[in-house]
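Here are my notes on this one, in numbered points. Have the viewer open while you read, and start with the pockets.

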Amino acid sequence: MPSRTWTLTDVSRDIHQSPFCIGADDLPSAKGQWKVTQRTLHGGLSEGVELVEVNNGRLRLFVLPTRGMGIWHAKIGDDQTLGWQSPVQGPVHPMYVPLTDPSGLGWLEGFDEFIVRCGLESNGAPEFDQQGRLVYPLHGRIANRPAHHVEVTVDDSATTLTLRGIVEETRFHFQKLRLTTTLTTTLGSTSFTFSDQVENFGGMSAQMQMLYHINFGEPLLVPGARIVAPVRSIERLNAASKDSLAGWEIMGPPVAGSPEECYLLKLLSDEAGRTQVLLKNSQGTEGAALTFNTNQLPCFTVWKNMVSSKDGYVTGLEPGTNFPNKRSVEADQGRVISLSPGETWNAEIVVDWLTTRNEVDAVEDAIRYLTESADKNQ
């Protein structure tokens, strides 16, 4: 038996399994101590949130179908965590997130995930009309839309676990966009891949944006931690001087009240569009690498929030279709995607959790080679 699929949620068939648990005993041909569970959280702002844990025998991924299939955090063992510590006590059920708050900033009341999608109609700063009414809230709605279909597939021949979810962002008389996301990890590995497809399932053309807010905090994020990237160009958001670029790639210490910093990058890539970005700790003994395609995600944002640990010490590495400016600004630059009826947009990101110096060095060498090769071909 090469693979087997279990349905966790299917609203159309009135299927919802919580609690749910499958493991090596249920499919002995898939070797290893893997497990997939789903449970419903209770209490506080987490009341009613569905949490799926995908455990490949080494890496555990905590996925939130209730919050747009975002990834809350990742763990190796009980003491190694990839993600960040938000002052928001989450995960927060979307019913408690006031997206239409007049300030446009209500999205922040649910923000505590490791990986959160921003989109789909818009993904940047809030925007208001001439009368001061909110038109587009901060980072859009998709992260606060529950999945209506979730399934898990175990492939014993490929030794993979795959979690698939479908989330829709639609409004009667307006756009109809469907996100289908597929998360895959190999048994015993410290990496995973998520592949997204956004479909316009309506009868008229639609527009979309996507930005992946991938957030790293302590313990990977420490003073002196560094971003390594094949930079083609860089500018600082809302900066008046190029002098403000100094030290953009180096993480400072957590200091209460530090202002946010946001850098807008275009990255070099190989002939197929493939590129990589690395965040490594100050000793170079641990890190995380993102691999993606600039033909799908041509814009890259670095967000640094070097505030106190209690206030959310974090940096975001953010591949996107555009930069997180107001939607009208990005539209003027041609960075809004139009989809005809039935047309799809696709993207894939590989996340590698690097746990040794050799792994970190190998990725850094690959980025250096990519930079040198791209420079020679220009």
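1. In the second largest pocket, β11 gives the largest share of the lining, with three residues. This is a predicted model, by the way, so read everything below in that light. The pocket holds about 400 Å³ of space and is lined by 16 residues, with E121, V135, P137, R141 and R171 nearest its centre. Two elements, β11 and β13 (160-170), give two or more residues to that lining. By class, the lining of the second largest pocket splits into seven nonpolar, five polar and four charged residues.

2. Now the largest pocket, at about 740 Å³. Its lining counts 27 residues, and those closest to the centre are L108, L138, H139, E260 and W303. Strands β19 (261-267) and β22 (299-305) each supply at least two lining residues. The class count for the largest pocket is 15 nonpolar, six polar and six charged.

3. While you're at the largest pocket, take a look at the backbone of H139, one of the residues closest to its centre. Phi of H139 is near 65°, which is positive even though the residue is not a glycine. You'll find H139 in the loop between β11 (134-136) and β12 (149-155). Is H139 buried or exposed? It counts as buried, because its relative accessibility is 8% and the cut-off for buried is under 20%.

4. M69 is another residue to check for phi. Its value is about 65°, again positive in a residue that is not a glycine. M69 sits in the loop between β6 (59-64) and β7, and its relative accessible area of 5% makes it buried. For context, most residues other than glycine have a negative phi, and most peptide bonds are trans.

5. M69 also shows up in the lining of the largest cavity, together with V63, G70, I71, I115, R117, L163, T181, L183 and F194. The elements that give two or more residues there are β7 (70-76), β9 (115-120) and β14 (176-186). The structure has one cavity of 30 Å³ or more, and the volume of the largest cavity is about 70 Å³. Its lining has seven nonpolar, two polar and one charged residues.

6. Cis peptide bonds next. One runs from S18 to P19, with omega near 10°, and P19 is in the loop between β2 (15-16) and β3 (20-23). Another joins G119 and L120, with omega about 5°. L120 belongs to strand β9, an element that also gives two or more residues to the lining of the largest cavity. I'd like you to look at both bonds in the viewer.

7. On to salt bridges, where the count comes to 14. What does the pair E249 and R226 tie together? E249 lies in the loop between β18 (231-236) and β19, and R226 in strand β17 (residues 226-228), so the bridge links parts that are 23 residues apart in sequence. The closest N and O atoms of this pair are 3.4 Å apart. E249 is buried at 18% relative accessible area, whereas R226 is partly exposed at 33%.

8. The bridge between K280 and E364 spans 2.9 Å, N to O. K280 is in strand β20 (residues 274-280) and E364 in helix α2 (residues 357-377), so this pair ties together parts that are 84 residues apart in sequence. Both K280 and E364 are buried.

9. R335 and E330 form a salt bridge too, with the closest N and O atoms 2.6 Å apart. R335 is buried, as is E330. There is a network as well: salt bridges that share partners join E53, R60 and D78.

10. Last, the surface. L45, M95 and Y96 make a nonpolar patch of about 290 Å². L45 is in the loop between β4 (35-40) and β5 (50-55). Its relative accessible area is 38%, so L45 is partly exposed and clears the bar of over 30% set for patch residues.

Conventions: Residues numbered from 1 in each chain as written. Predicted model: local features only at pLDDT ≥ 70, side-chain atom pairs only at ≥ 80, totals over all residues. Heavy atoms only, no water. Patch = residues over 30% accessible without salt bridge, like charges linked within 9 Å, V, L, I, M, F, W, Y side chains within 5 Å. Areas by Shrake-Rupley, 256 points an atom, 1.4 Å probe, with all protein chains shown as cover. Salt bridge = Lys/Arg side-chain N within 4 Å of Asp/Glu carboxyl O. Helix = DSSP H or I, 4+ residues; strand = E, 2+ residues; numbered from the N terminus. Buried < 20%, exposed > 50% of the residue type's maximum accessible area, 1.4 Å probe, protein only. 1 Å grid on protein atoms, 1.4 Å probe; cavity = no way out; pocket = protein on both sides within 12 Å on 5 of 7 lines; lining within 4 Å. Points joined across faces, edges and corners; volume = space filled by probe spheres on them. Nonpolar A, V, L, I, M, F, W, Y, C, P; charged D, E, K, R; others polar.
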